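Student: Could you walk me through how the chains meet here? I'd like to go one question at a time.

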6 protein chains.
Amino acid sequence: MIYITRRERFTAAHRLFKAEYTDEKNLEIFGKCSNPNWHGHNYELFVTIKGEINPETGFLVNLVELKNLVRKKIIDKVDHKNLNIEVDFLKNKFTSTEVLAISIWEELEKEILLLGARLHCVKISETENNSVEYFGENK
Amino acid sequence: MIYITRRERFTAAHRLFKAEYTDEKNLEIFGKCSNPNWHGHNYELFVTIKGEINPETGFLVNLVELKNLVRKKIIDKVDHKNLNIEVDFLKNKFTSTEVLAISIWEELEKEILLLGARLHCVKISETENNSVEYFGENK
Amino acid sequence: MIYITRRERFTAAHRLFKAEYTDEKNLEIFGKCSNPNWHGHNYELFVTIKGEINPETGFLVNLVELKNLVRKKIIDKVDHKNLNIEVDFLKNKFTSTEVLAISIWEELEKEILLLGARLHCVKISETENNSVEYFGENK
Amino acid sequence: MIYITRRERFTAAHRLFKAEYTDEKNLEIFGKCSNPNWHGHNYELFVTIKGEINPETGFLVNLVELKNLVRKKIIDKVDHKNLNIEVDFLKNKFTSTEVLAISIWEELEKEILLLGARLHCVKISETENNSVEYFGENK
Amino acid sequence: MIYITRRERFTAAHRLFKAEYTDEKNLEIFGKCSNPNWHGHNYELFVTIKGEINPETGFLVNLVELKNLVRKKIIDKVDHKNLNIEVDFLKNKFTSTEVLAISIWEELEKEILLLGARLHCVKISETENNSVEYFGENK
Amino acid sequence: MIYITRRERFTAAHRLFKAEYTDEKNLEIFGKCSNPNWHGHNYELFVTIKGEINPETGFLVNLVELKNLVRKKIIDKVDHKNLNIEVDFLKNKFTSTEVLAISIWEELEKEILLLGARLHCVKISETENNSVEYFGENK
């Protein structure tokens, strides 16, 4: 079993809040991240896949295909976007880094299988100090 | 003459656009950076000051004072904010990294003098690939 | 299960040595790290916690609370300190990065439970080339 | 159980190709990485070992010994070299990062045991966006 | 005057040697960098341009145009290539980082003028420890 | 004129204080950096030299010679040392990063001339947020 990680980057605006709360209550719970005028990040996305090396090609998957997949399914939808408003796979979701990681996992899991590998981890760095990892439901 | 650089970070939403243009024209000129729903960045701000070492203290300025100044005058105003809407010193300004660097220079120049040093450079990294430096009007 | 990592930094002096050894023997075993006049590092501390997303808030724990906890229990005690002399939770301990990671784990394990999550990993980078990870007694 | 990671760096030339294919077929499958005139990388190698802390010394292994081992067994053989031509432990192998990680594992596994620890992971970063991890046959 | 820096990356093989020297003499002068079987690097290229902000657009140049220019004139020619053999603007040149920086300056200088700015600096990082800057003939 | 920068790293303990002050006064002026029990850093040293490319060799200076010079004259004296006590060229000096940069300049200036180049800048990063640059007396 070998593990391969591809890093991609995107910049996006977002806001942590609950629609059913007042701005005051959102501020109390989510702090400055609840700013109704939005803020944003340079997100780093690390997609780790695993599997056996293909004896024909000598690698697990073609990295160009992995890159293209992640860009098409994720980066093109979130880059230079507002995560709360414009992203189909985040519709009606809370845009914490935790939820973002799980949502990206759900977008990629089956697609990675089609490449001949399995998704192992979705990691997102929101800032140089904060990051989240998701390994799927069973781990 | 000695040069000291302090790095601070902030996250913010912004949008590149001209109010007098249509969304289409803004898109044509500013590309995905003109998204009316905003996007955002983890900005890095590097403030470089210069001057002579104070023989009494052995350093140019007290770095804690420099940090506090940059945080009070800049970071507290831009962090987790929308640069186009909420920042007094960016009022009615275009929020390109270039304009941002010059505007921060104008906020800091006199304050640095009061610390006993001169402002040498304001550098802003918008992404790991793009950055801007401003050295004042005469350079 | 979701994993969240918070990075904090601290600078400290330390020395690798055994009180029962001579300076010569300490030098022989621990090399330049045994310098009786101390040396120091900019340590990076990565605290990884895990748990289920709170359906009420949309995240695992409030990152501000995690940050405050790590700063109060660890950073305030070790930053700009001498690890061999001044840190209560390192009393009479050898200050290798290994021991440091285990000791920080012991300080944080119960506190993280009170936040509603479980401690997963304490990682410390001593230099850009050397780091240590501890996952608790059972792993 | 404690985990220690040592980073080492090397620069090398390589080429992805199968000798039994034409240059055209290699280009089709391996893209620009198949350039018959070679290309190269600054590789980063992360060797993670695990084990119990030695109560006598206070650490897992002497990091200087680990560094010397990795340099002697790996870095000295691959640094400023052509991975396809000049490296004994890559003889007749495909030089993908995957194969490189597994081959380095095989070189180090027994040697780490002699240091009194076990090899846990060999990680190689080929670029800032691509990396591979290998944890041995059973994982 | 404002300064903007764009970072691009490329990987390439190269070798430091003089055709008129024997391999032995090349080894003596250029060390392991003279390996006849080549080695390689992940190069980082930083292109800094300067000029006045365009009052119409609010920035110095369109960063997308700068990126496209650098990619077309430089990156497409050197990425995944052998610098000693395959690059038109390095024909018959010694491929030290110094010569590389000057050669890239010569390729870009006039092109940057056409964008409405002036080239200020070409910086190349060959490894995390070594870099070169060139500011043109007059500086 | 071409500029070359070599990065070297060292770890050291130090303390900011004036012998003629009480510990209380030192604490008041220098804050936690005055801790009588010391603290420490992973310093990064960037030495930038400048000159004309040697037409014989194709580079400014042999980087190995530059590396060896910086290690012999600086790194061997400060690495794993106490800057206030053990370094000949810091004898009786205040160990601020400013003074450290100037002192290293004085150690290297003439030596760089012997290599056939001129010293342009000594830069020291004390933490990822703080750095100092010195360009010599005339700049």
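**Where chains B and A meet**

Tutor: Happily! This is a predicted model, in which local features need pLDDT of at least 70 and side-chain atom pairs count only at pLDDT 80 or more, while totals for chains, interfaces and linings use all residues. Residues are numbered from 1 along each chain as its sequence is written, chains are lettered from A and ligands numbered from 1 in the order in which they are written, and side-chain values use heavy atoms, with hydrogens and water left out.

Student: How many salt bridges does the rule find across the interface of chain B and chain A?

Tutor: A salt bridge is a side-chain nitrogen of Lys or Arg within 4 Å of a carboxyl oxygen of Asp or Glu. One of those between the two chains pairs Glu128(A) with Arg9(B), N to O at 3.3 Å. Across the interface of chain B and chain A, the number found is 6.

Student: What area is buried between chain B and chain A?

Tutor: Buried area is the accessible area (1.4 Å probe) that two parts lose on being put together, summed over both. Carbon and sulfur atoms give 43% of the area here, and the total is about 1,900 Å².

Student: Is Glu128(B) buried, exposed or partly exposed?

Tutor: Buried means under 20% relative accessible area, exposed over 50%, and partly exposed in between (1.4 Å probe, protein chains only). Glu128(B) has a relative accessible area of 35%, so this residue is partly exposed.

Student: Which residue forms a salt bridge with Glu128(B) at 3.3 Å?

Tutor: The partner is itself partly exposed, at 32% relative accessibility. The closest N and O atoms are 3.3 Å apart, and the partner is Arg9(A).
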